[in-house]
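This report describes helix packing, sheets and selected residues in one protein chain. Please keep the sequence and the structure at hand while reading.

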Amino acid sequence: MLRMAFFALALGAGNAVIAASTVQYGPPPDWVRPISAPAASESGGDAPLQLLLSDHQLNLTPDGDQEYLETAVRIQNPQGLSAMGTLSLPWNPDTSEITVHKLLILRDGQTIDVLKSGQTFTVLRRESRLEYAMLDGVLTAVIQPAGLRVGDILDFSYTLKQHDPVLQGNSQILEPNWMTNTVGLLHLRAQWQTASGIHWQGSGSYSKLVETHEGDRTVVSLTLQNAQPAVMPKFAPPRYLMGNEVEFSRFRNWRDVSALFAPLYAKSEVLKPDSPLHAEIDRIRAGSGDPKVQAAAALRLVQDQVRYVFLGMNDGGLVPATADDTWSRRFGDCKAKTALLLALLHALRIEATPVAVNLAAGDAVRDRLPMMLVFNHVLVRARIDGHEYWLDGTRSGDRAIGDIAVPNFHWGLPLTAPGSDLVALVAKPLTQPQAETAVRIDARAGIRKKVPFHVEVLYHGDAATVLIARMSQLATANLDQA
């Protein structure tokens, strides 16, 4: 399974990018330790596939991280044949190179080399999340192994090499194993120069990883036979749903992560002398001298006048677009909208800081190793008259900043030049109900008659903002029906 990070960054132009846009073929790297797949069991159950081998090996270096993956799987019925009939490998050509080592079909003691037979991968560019206004630039290599049959074993391996210049040699890997069936042999091995200071931790089956030393290198490894899928507790908070995961990070602490990424926003928020945003800032300043009103006007400008489009390609993966570029093209992702909002607030002399958060699994962030990979969103923390306000340019409908509730993201990382630790996002007690429901039932004609009833719901605060944003997408004539 390829792990695709939320963030990505371009290597640059020229031959490196061109080479990364194609699938390369060759032997495994010298650092890979070969592992043999166990024999298939005739009592493999009635599952479509029998997973014989899952081998994952990593080599972490300051020049980039390499991940070797090999999978051997037996096809047990037509459903399994359909599932393995097309193999696809997604990768980001701006940060990654992919090399395929082998694609073998094993049948009754016979080995069929699919690649040597003349078949190769076809590279597709398909924006799989375009309907969600997301452009990630990911390429997909696909192949349909000719002649594949029920009963065959498919043995496939490749290496993914990743290099992200903005990380400045800091490895960060969060590797989940979402296996849903028993694995005959599960093998994980990671190595790095001991002096590089890599930290690691595992959960579930990966908590059994053993650390050893080979000369000047540190190695962690694990080999499990008949490895079982992790059993997740139902309805538990995200911090209890980590399952079989292993993390590697060269960042010493959260302050190092914060300090590394803060300059990206400080640079992107700088406005050109002739920027049209200066006129918008003057207009906001002339409208009111109250900083809270000014902050609300700046937020409204970013929310209402710039549409959301995620850019995960080129410099859009980790580096926010400049405020001027975002305003010119009138679209941007959370990073771009945050840089634009920072430019407006700082020009209005309002203290503001970008804060990285996780939208869904925020309560698990504190338990992670420090790395930017655990975050998938960024917003602005503004301080006015001693009070904090959390401003999100990707939302819509916010007006008075005092009505904006503290978002339920649990933990956030302020991105500051000196570096910051995680901060807790603690919701304030409600001063009024989020919703009031009134139900009127008219049973005066008797309970055996049809009884008309009327329901009214009155929303307050953030709940009202969210509802207004949804309803504003409908034509007036459709409001009653909605």
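Are α4 and α7 parallel, perpendicular or oblique to each other? The model is a predicted one. In this model, helix α4 (residues 277-287) packs against helix α7 (residues 334-347) at an angle of about 50°, and their axes lie 10 Å apart. The two helices, α4 and α7, are therefore oblique to each other. Their crossing is right-handed.

**Helix contacts**

On the α4 side, the contact with α7 involves Leu277, Ile281 and Arg285. The α7 side supplies Leu340, Ala343, Leu344 and Ala347. By class, this contact of α4 with α7 has 6 nonpolar residues, 1 charged residue and no polar residues.

Helix α7 also packs with helix α5 (residues 291-305): the axes of α5 and α7 come within 10 Å and cross at roughly 150°. The pair α5 and α7 is therefore roughly antiparallel. The crossing of α5 and α7 is right-handed. From α5, the contact uses Ala295, Ala298, Leu299, Leu301, Val302 and Gln303. From α7, the residues are Lys337, Leu340, Leu341, Leu344 and Leu345. The residues of this contact of α5 with α7 divide into 9 nonpolar, 1 polar and 1 charged.

Leu340 and Leu344 of α7 are listed in the contact with α4, and Leu340 and Leu344 are also listed in the contact with α5.

**Buried residues around the helices**

Is Thr326 buried or exposed? Thr326 belongs to helix α6 (residues 323-329). Its relative accessible area is 0%, so Thr326 is buried. Leaving out residues up to four places away in sequence, Thr326 touches Val306, Ala321, Phe331, Gly332, Ala336 and Leu340. Leu340 is thus named a further time, having appeared in the contact of α5 with α7.

Leu271 sits in the loop between α3 and α4. With a relative accessible area of 18%, Leu271 is buried. Beyond its neighbours within four places in sequence, Leu271 is in contact with Leu277, His278, Ile281, Ala323, Asp324 and Ala343. Among these partners, Leu277 and Ile281 of α4 and Ala343 of α7 also take part in the contact of α4 with α7. Leu271 and Asp324 are 53 residues apart along the chain, and their C-alpha atoms are separated by 6.3 Å.

**Sheets**

One open sheet has 3 strands in the order β11-β16-β13, with antiparallel pairing. Its edge strands are β11 (172-176) and β13 (199-203), each of which pairs on one side only. Neighbouring strands of this sheet are turned by 5° against each other on average, direction ignored. Strand β16 (residues 245-249) is joined to β13 by 5 bridges, and these two strands run antiparallel. In one of the pairs, Trp200 has Phe248 of β16 as its bridge partner.

Ser205 lies in the loop between β13 and β14 (210-214). With 14% relative accessibility, Ser205 counts as buried. Setting aside residues up to four places away in sequence, Ser205 touches Leu222, Leu224, Gln228 and Asn244. The C-alpha atoms of Ser205 and Val246 are separated by 9.3 Å, while the two residues are 41 residues apart along the chain.

Another open sheet has 5 strands in the order β22-β21-β20-β23-β24, also with antiparallel pairing. Strands β22 (387-391) and β24 (423-424) stand at the edges with a single partner strand each, so one side of each has no neighbour in the sheet. Strand β21 (residues 377-384) pairs with β22 in the antiparallel sense over 5 bridges. Within this pairing, His387 in β22 is the bridge partner of Ile384. Helix α3 (residues 254-268) packs on the sheet and touches β20 (351-357), β21 and β23 (411-414). The direction of α3 makes about 60° with that of β23.

**Positive phi values**

Two residues other than glycine have a positive phi; the table gives their values and places.

| Residue | Phi | Location | Relative accessibility |
|---|---|---|---|
| Asp385 | about 55° | loop between β21 and β22 | 64%, exposed |
| His410 | near 70° | loop between β22 and β23 | 32%, partly exposed |

Notes. Residues numbered from 1 in each chain as written. Predicted model: local features only at pLDDT ≥ 70, side-chain atom pairs only at ≥ 80, totals over all residues. Heavy atoms only, no water. Axes fitted to C-alpha atoms, helices over the stretch in contact; angles between N-to-C directions. Helix = DSSP H or I, 4+ residues; strand = E, 2+ residues; numbered from the N terminus. Parallel < 35°, antiparallel > 145°, perpendicular 65-115°, else oblique. Left-handed = near helix turned anticlockwise from the far one by under 90°. Contact = heavy atoms within 4.5 Å. Nonpolar A, V, L, I, M, F, W, Y, C, P; charged D, E, K, R; others polar. Pairing = 2+ DSSP bridges. Buried < 20%, exposed > 50% of the residue type's maximum accessible area, 1.4 Å probe, protein only.
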